[in-house]
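Trainee: I have a new structure open and I don't know where to start; can we talk it through?
Mentor: Of course, ask whatever comes to mind.

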Amino acid sequence: MWTLVKIEWVKTFRRRRTYIGFATIGFFLPLFFIAMKLSGGAFLQHSSAMKAIQENFVIMGNIFNGMFVSRIIMNTLFVHIPLLIVLVPGDIVAGEAAAGTLRTILTRPPSRLKVIASKIILSLIYTALLLIFMALLSLIVGYLLFGLGYLVVLKDGILIFTVREALVRFAFAYALAIVAMGVIAAVAFLLSVQVSNAIGPIIGSIMIVVIFLIITATPLSAFDHIRPFLFTTYTNVWELAFADPIPWETIVTHVGVLVLYMAGLFGLSAYIFQRKDILS
Amino acid sequence: MFSRILKPDKDSFPQGAGDLLIETLRLQKIFKKRVVVSDLNLQVFRGDVFGFLGPNGAGKSTTIRMILGLIHASAGKIKLFDRPFPQQRKESLSKIGALVERPDFYLYLSAQQNLKLLGKMSGRIPDSRIQEMLEIVGLEDRARDRVKTFSHGMKQRLGIAQALLNNPELVILDEPSSGLDPEGMKEVRNLIQNISAQGMTVFLSSHLLHEVEQICNRMAIINRGELLVQGNVNELLKSGETILTIRTPQTRRAREILEKKKIAGSIEIQDERVRIKIDYSKIPQINAWLTDAGIPIFELTPQSSLEDFYLSIVRQADVDARKN
């Protein structure tokens, strides 16, 4: 099994398109931070929460620091990062079907179940690596450009974390984000096993994420009965890592639902793949 | 339905009959209510170079894909190495090397890297074996080049290399000469003969009838998903029509006798030769008629071409299908 995972690793990471996600984050994240640095935090002046802080507190030091901007950049986890996540899982089966190599590997002794399992593992590894890369880059570039300081979180009030505590919260938030993005990878994967063209699963999965997000975020009572069944209701679980006290019960519920989603989507993918006729 | 299946006869398979490597029983595939393969019974014996013939869309590739587990059969059974397939998939596929239709590889990897990856999927293949295969197919100088820089012919040769990588007992090649120039075709033909000489059994799907005629000892012809004939190539050719050339100084008399006997449709005379198209089994009788009539015969040469045989079989099957 691990031989197959290693083979998938080589196939995935020897290919340039795998690095599109890393390159995009590697380019735009520092660019975004530099832009914030050049604006000197002017954009925060428009934030009502920030105005409230400035009016009601005496601020010692700089709250506009590396921790703060790293926390801001995590908001890209809603839409932007899923765009990059789906690139590999959306292509990992469909791309091979389109290239004809699926035919070649499936005439080899390993079972289809092992082949698909290795691809699932690799999709999750890619998802985790992309988020770890984003976490490290945001903290390092944030530190280099803005320095370290207390992390101020403006959500349902004001929370302030020490540097040490903030780093633990970041690690926890990214761990939860990996689970959440794993579901999005699973959606792309499910579409990938059904077609022989990688573009379809990539666009299709993004459309699903966007539509689900709209339904989740739109405060219409008509959607009240649908929301609990949409994975996007739970993918913001990482935000809970910055709450105080940490709502463990809610986090466990959210993670449980996300893991169930992942298991269901990957399980369905494996089932379809097992029964699929390889015609490409 | 026109069907003429020759049962495997031990005497017919001098290369070691008795050991069935591929056996299909009433194999069927239906795609969206369209029957692509129907009641197909194939038998490939150890040591065979088995030609699998049929027109485009006859169901050859679908059959091969079912034998390799790429496509699920709608009905029927497959046995590989006397084991039920796909139930014992791993054991069977570990003894098989295959090139199915196009030779597709990871274009961004080198030839060597591709073979390494595919080799790992078949167990432990030493680097020396990869090097050996690249040398056999003449790609040792391009081993480190990315496959995307390869011509179709080179990819085809690499495809054969990957099929032989695990030193298989059975090699399944689907149109291995497709897209190759004449020199490349000859190389592939020689390669197949070499691997057969090494004791590997070869299942060869091809459009090139002369290729099958030259290198296969057994063959099957399918059309519209149904098996038309199966058996020893020489015996099948003898069972069909042949062009008989009779060399005699008395060509006109020979023609008169043959016309009286109404044995053939058209009789051609060229120099001292009479050429007629007849059933192979009638040759001794023709010889007797002519010698009884005192006609001196210097040569009696039957020319059975697989092309004639193939076309007569397939056309007859088409006629039968239209009638039905």
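The chat below goes through chain B, the pockets and cavities, and two residues of chain A.

Trainee: What kind of model is this?
Mentor: This is a predicted model, so please read everything we discuss as computed from that prediction.

Trainee: How many helices and strands are there in chain B?
Mentor: Chain B has 11 helices and 16 strands, and its C-alpha trace spans about 70 × 45 × 35 Å along the principal axes.

Trainee: And what part of chain B is buried?
Mentor: Of the 324 residues in chain B, 50% are buried, where buried stands for a relative accessible area under 20%.

Trainee: Let's switch to pockets. What volume does the largest pocket have?
Mentor: The largest pocket has a volume of about 560 Å³, and among the 29 residues that line it, A:Arg15, A:Ala99, B:Tyr106, B:Leu107 and B:Tyr108 are the closest to its centre.

Trainee: Which elements give two or more residues to that lining?
Mentor: They are helix 1 (2-13) and helix 6 (94-99) of chain A, together with helix 5 of chain B. Helix 6 of chain A gives the most to the lining of the largest pocket, namely 4 residues.

Trainee: How does the lining of the largest pocket divide by class?
Mentor: The lining of the largest pocket holds 9 nonpolar, 6 polar and 14 charged residues.

Trainee: What about the second largest pocket, which residues are the closest to its centre?
Mentor: The second largest pocket, with a volume of about 360 Å³, is lined by 18 residues, of which B:His72, B:Ala73, B:Phe85, B:Pro86 and B:Gln87 are the closest to its centre.

Trainee: Which strands supply that one?
Mentor: Strand 6 (75-80) and strand 7 (83-85) of chain B each supply at least two residues of the lining of the second largest pocket, and the largest share, 4 residues, comes from strand 6. By class, this lining has 8 nonpolar, 6 polar and 4 charged residues.

Trainee: Now the closed spaces: how many cavities of 30 Å³ or more are there?
Mentor: The count comes to 4 cavities of 30 Å³ or more, and the largest cavity holds about 70 Å³ of space.

Trainee: How does one find such a space at all?
Mentor: A probe the size of a water molecule is rolled over the atoms, which shows where empty space is left.

Trainee: Which residues line the largest cavity?
Mentor: Both chains take part in the lining, which includes A:Arg103, A:Thr104 and A:Thr107 along with B:Leu99, B:Phe105 and B:Gln162. Helix 7 (101-105) of chain A, and strand 8 (96-99) and helix 5 (152-164) of chain B, each supply at least two residues of the lining of the largest cavity, which by class has 5 nonpolar, 4 polar and 3 charged residues.

Trainee: One more topic, the surface. Where is A:Ile132?
Mentor: A:Ile132 is in helix 8 (residues 112-146) of chain A, and together with A:Leu136, A:Ile140, A:Tyr143, A:Leu144 and A:Leu148 it forms a nonpolar patch on the surface, with about 620 Å² of accessible area together.

Trainee: Why does A:Ile132 count as partly exposed?
Mentor: Because its relative accessibility is 42%, which falls between the limits of 20% for buried and 50% for exposed.

Trainee: And A:Phe28, where is that?
Mentor: A:Phe28 is in helix 2 (residues 20-39) of chain A, and A:Phe28 is partly exposed because its relative accessible area is 47%. Its C-alpha atom is separated by 28 Å from that of A:Ala94, 66 residues apart along the chain.

Conventions
Residues are numbered from 1 along each chain as its sequence is written. Chains are lettered from A and ligands numbered from 1 in the order in which they are written. This is a predicted model: local features need pLDDT of at least 70, side-chain atom pairs count only at pLDDT 80 or more; totals for chains, interfaces and linings use all residues. Side-chain values use heavy atoms; hydrogens and water are left out. Patches are made of residues with over 30% relative accessible area and no salt bridge: like charges are joined within 9 Å, nonpolar side chains (Val, Leu, Ile, Met, Phe, Trp, Tyr) within 5 Å. Accessible areas come from the Shrake-Rupley method with a 1.4 Å probe; for residues, only the protein chains shown count as cover. A salt bridge is a side-chain nitrogen of Lys or Arg within 4 Å of a carboxyl oxygen of Asp or Glu. Buried means under 20% relative accessible area, exposed over 50%, partly exposed in between (1.4 Å probe, protein chains only). On a 1 Å grid over the protein atoms alone, a cavity is a set of points where a 1.4 Å probe fits but cannot get out, and a pocket is an open set with protein on both sides within 12 Å along at least five of seven lines; lining residues have an atom within 4 Å of a point. Grid points are joined across faces, edges and corners, and a volume is the space filled by probe spheres set on the points. Ala, Val, Leu, Ile, Met, Phe, Trp, Tyr, Cys and Pro count as nonpolar, Asp, Glu, Lys and Arg as charged, and the others, Gly among them, as polar.
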